[in-house]
Amino acid sequence: RENEVMREMQGELQIYQDLFNRVRQTPELSRQTANVIGYDTSPAVRSILIDKGTNDGIRVGMPVESPRGLIGRIFRTTQTSSQVVLITDNASAIPARLGASRATGSLKGRGASGDLIVDWIDLKYQLEVGEVVFTSGLGGNFPQDIVIGRVVQVLRNESDLFQQAIVQPATDFSALEIVLVVIDFTPIDITIFESPTEN
């Protein structure tokens with residue numbers, strides 16, 4: 001029994017060490033730790049529930065990370081809890097950049113398959129399997145350079161206008177215990193620029 005307790009404590013210590021290392025990599029962002037308290041059972045939305053809410057300064061739209069990278073953003077809140085929509089959700093769309101090639105595109109979730117796809121990548125870029133995928137910061141909804149995952153397959157056809165990349169997330173979503181909410185990042189509202197100005 002004592003050995004089991006020691007192993008559990010060691011595992012928990014490793015989680016906190018990984019979280020600390022993640023924070024140290026980007027000290028310019030302030031974060032709030034939160035425990036995962038549930039997984040949404042709805043087939044329509046891939047999400048998790050965490051034990052922090054508006055009482056803790058959590059707001060809709062805030063990015064959420066694991067020690068390994070981006071996992072999603074705050075979708076709904078109560079005073080003491082929040083729902084986080086995962087990046088693997090079908091409705092998720094994130095402007096992304098590939099590290100080595102510097103190509104950009106729109107990263108989307110593929111639901112039950114658990115992987116991601118980056119669409120609208122210009123054919124001029126030579127993509128490589130193994131490239132790290134980051135948030136690009138375009139659109140203003142996420143900070144730049146948060147790790148998302150790695151390219152595991154390139155879908156390229158010279159007759160098409162664009163190419164695609166299949167991405168394996170850096171995080172194992174089934175094993176999440178503690179996450180980091182980026183609390184000092186305010187999404188930038190650029191909707192005013194989405195329609196032509198009227199004279």
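How many residues does the hairpin use to join E4 to E5? Four. Keep that hairpin in view, because I'll start there. One caution before I do: this is a predicted model.

So, E4 and E5. Strand E4 covers residues 69-77. E4 runs antiparallel to E5, and five bridges join the two. One residue pair to look at is Thr 77 and its bridge partner in E5, Ser 82.

Now E5 itself, residues 82-86. Is this strand enclosed or not? Five of its five residues are buried, so E5 is largely enclosed by the rest of the structure. Look at which way the residues point. Ser 82, Val 84 and Leu 86 go one way. Gln 83 and Val 85 go the other way. Both sets are buried.

On to E2, residues 47-50. E2 is joined to E5 by four bridges, and the two strands run antiparallel. Leu 49 is in E2, and it stands opposite Gln 83 in E5. Buried or exposed? Leu 49 is neither: at 34% relative accessibility it counts as partly exposed. Which residues does Leu 49 touch, leaving aside its neighbours within four places in sequence? Asn 35, Val 36, Ile 37, Gly 38, Ser 82 and Gln 83. For scale, take Leu 49 against Asn 141. They are 92 residues apart in sequence, and their C-alpha atoms are 21 Å apart in space.

Now put those strands together. E2, E5 and E4 belong to a closed barrel of six strands. The order is E1-E2-E5-E4-E3-E12, and the pairing is antiparallel. From one strand to the next, the twist averages 45°.

What about E3 and E12? E3 is residues 63-66 and E12 is residues 178-182. Two bridges join them, and they run antiparallel. Glu 65 has Leu 180 as its bridge partner in E12.

A helix comes in here too. H1, residues 2-25, lies across E1, E3 and E12. Its angle to E12 is about 20°. E1, for reference, is 31-39.

Next, the later strands. Strand E9 is residues 132-135, and strand E10 is residues 147-155. They pair in the antiparallel sense over three bridges. Val 133 has Gly 149 as its bridge partner in E10. E10 then pairs with E11, again in the antiparallel sense, this time over six bridges. A hairpin of six residues joins E10 to E11. Across that pairing, Leu 155 stands opposite Gln 164 in E11.

Gln 164 brings me to Asp 119. Asp 119 is found in strand E8, residues 116-122. Its relative accessibility is 12%, so Asp 119 counts as buried. What joins its side chain to that of Gln 164? A polar contact of 2.5 Å. Sequence neighbours within four places aside, Asp 119 is in contact with Gly 105, Ser 106, Lys 108, Gln 163 and Gln 164.

One place along is Trp 120, also in strand E8. How many aromatic pairs does the structure hold? One. Trp 120 and Phe 162 have ring centres 5.3 Å apart and planes at 80°, so the pair is edge-to-face. Phe 162 lies in strand E11, residues 162-169, so the pair ties together parts that are 42 residues apart in sequence. How accessible are the two partners? Trp 120 is exposed, with a relative accessible area of 54%. Phe 162 counts as partly exposed, at 35%.

Last stop, the core. The largest nonpolar core has 33 residues. Which of them touch the most other members? Ile 48, Leu 107, Ile 148 and Val 179. Take Leu 107. Beyond four places in sequence, its contacts include Ser 92, Ala 93, Ile 94 and Ala 96. Leu 116, Ile 117 and Val 118 are also among them. So are Val 133, Ile 148 and Val 167. Note Ile 148 there: Leu 107 is in contact with Ile 148, and both are on that short list of core residues.

That's the tour. Questions, please.

How values were computed. Residues numbered from 1 in each chain as written. Predicted model: local features only at pLDDT ≥ 70, side-chain atom pairs only at ≥ 80, totals over all residues. Heavy atoms only, no water. Pairing = 2+ DSSP bridges. Axes fitted to C-alpha atoms, helices over the stretch in contact; angles between N-to-C directions. Contact = heavy atoms within 4.5 Å. Buried < 20%, exposed > 50% of the residue type's maximum accessible area, 1.4 Å probe, protein only. Polar contact = N/O pair within 3.5 Å; in protein donor to acceptor, adjacent residues only side chain to side chain. Phe/Tyr/Trp six-rings, centres within 6.5 Å; stacked < 30°, edge-to-face > 60°. Core = buried A, V, L, I, M, F, W, Y, C linked by side-chain atoms within 4.5 Å.
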